[in-house]
Amino acid sequence: MATGPERARTRRWRRYLADERAEAALYRELADRYTGEERDILLGLADAEQRHEAHWVGLLGGEARDPGRPSVGSRLLIQFARRFGSLFVLVLAQRAEGRSPYDDDLDATDAMAADERIHGEVLRGLAARGRRRLAGSLRAAVFGINDGLVSNLALVLGVGATGLPPQTVLVTGVAGLLAGSLSMGAGEYISVRSQRELLEASRPDPDSQHALPHLDVDANELALVYRARGMDADEAARNAQQVLATFHLDDAGSHEAAPVDDHDGIGSAWSAALSSFLFFASGAIIPVIPYLVGADGFVAVAIASAAVGVALLATGAIVGLLSGGSLLRRAVRQLAIGLGAAAVTYLLGLLFGTVL
C-alpha cells in the first residue's frame, strides 16, 4: 500500500505528465496559425515536450493512462491559442516555460530542466519576430490611448476645477477628444511616412544596374560605393570585381539592404495613423463619460479619475506583458505618471478658479 509521500509524488508526476501533454497540444495549436519556418519551430517544440512526457510515463507505468486534467494555466493557454492573437500567447507561454518546476525537482532530469530554459528562449525568439511586425502599430496604439487618457482627463479636471458648469466641461471634453484624435492621427501618419521615405532614400538605386556596361571606372572606384554602404575594404573590392565581371549588382551581396531595411519595425503609415486616432479617442472618451451620464462636481472627478486609473493600469500591464517586463512595475508606472499629470492640472485649475 502506497504511503502518503509516495501518493504525493505520484500525484506530482501525474500533474507533470498532464501539463507536458497540454504544452505539446498548445504548440500544435499555435503551429496551425503559422506557416513555413515558424510552424516547423513550434512543431519541434511539441516533439520535445513528448520526450518529457515519455519520462513521466516511464515513472508512472500504469498510472500514466489517465493523468487527469492539466493545470488551469495550461488549459487557459490552449483556449487563448484558439481565440486570441499568437503573439499574446507566445509571450504567456514564454513566461510559463521560465517558471518550470524541474530545476528543483529531483525526479526530473537535468536535461529536462535545461530543455525548458531553451524552450523559453525559442519562444522569446518567435515573440521577437511578432514584436517587430507589431512594433509600429503598437507604439502608436499605446501612445494614443495613454495620451487620450491623460490629456483629456487633465483637460476635463482642469476646466471643471475652475467652477464652470458641467455642460461646459462636457463640451470641452468632447472637443478635446475630437481635436486630439485628429491631431494624433495626422501627426502619426506624417511621422511614419517621413521615416519610411528617409529609409527609401538610403537604399541603392535599382536604375544603377542599367548604367554598369557604360561605366568609365576601375574596380577600386566602384569599391568605394560598397565601402560607403558599410563593407570593409577587402569585401568591397571583391564585390566590385564581381560586379564588373558580371554587370549584375544583385550578385554583390545583401549587406547593402540590411542597415536600412527596417520597414517591418516602423509599420504602415495608415495603420499607425488609424491606430493612433482610434486609441486616442477610446482613451479620451473615458474621462468624459461621467459628464455624459449627468454627474458633476466631486463625484464626476472621482469617477473619471478612477476609470482612467483602471485604464492606465491595464495598458501598463499589457505593455509589460508584450515587452517581457514586469506587469506590476509597468502598470504602476503608467498610473503614477498619468494621474500625476492630471492632478497637477486639477490643482492649477483650482488655483485659476480661485483667482477668477
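Which residues does N146 touch, not counting residues up to four places away in sequence? This is a predicted model, and I will come to the answer straight away. N146 touches L312, T315 and Q334. With Q334 there is a polar contact of 2.9 Å, side chain to side chain. N146 itself sits in helix α5. Is N146 buried or exposed? Its relative accessible area is 13%, and the cut-off for buried is under 20%, so N146 counts as buried.

Now the nonpolar cores. The largest one has 22 residues. Within this core, the residues with the most contacts are L26, Y27, L30, L42, V89, L90 and L123. Five helices each give two or more residues to it: α1 (4–31), α2 (36–60), α3 (72–83), α4 (86–98) and α5 (110–161). Which of these supplies the largest share? That is α4, with 6 residues.

A separate core lies apart from that one. It has 19 residues, including L153, V159, A295 and A342.

Back to α4. This helix has 13 residues and spans 18 Å from first C-alpha to last, close to the 18 Å expected at 1.5 Å a residue. The buried residues in α4 are S86, L87, V89, L90, V91, L92, A93, Q94 and E97. As a reminder, an α-helix has 3.6 residues a turn, so residues three or four places apart point the same way.

Last, L90 in particular. What does L90 contact, leaving aside its neighbours within four places in sequence? The list is L30, Y34, L42, L123, L126 and A127.

Note on methods. Residues numbered from 1 in each chain as written. Predicted model: local features only at pLDDT ≥ 70, side-chain atom pairs only at ≥ 80, totals over all residues. Heavy atoms only, no water. Core = buried A, V, L, I, M, F, W, Y, C linked by side-chain atoms within 4.5 Å. Buried < 20%, exposed > 50% of the residue type's maximum accessible area, 1.4 Å probe, protein only. Helix = DSSP H or I, 4+ residues; strand = E, 2+ residues; numbered from the N terminus. Contact = heavy atoms within 4.5 Å. Expected span 1.5 Å × (residues − 1). Polar contact = N/O pair within 3.5 Å; in protein donor to acceptor, adjacent residues only side chain to side chain.
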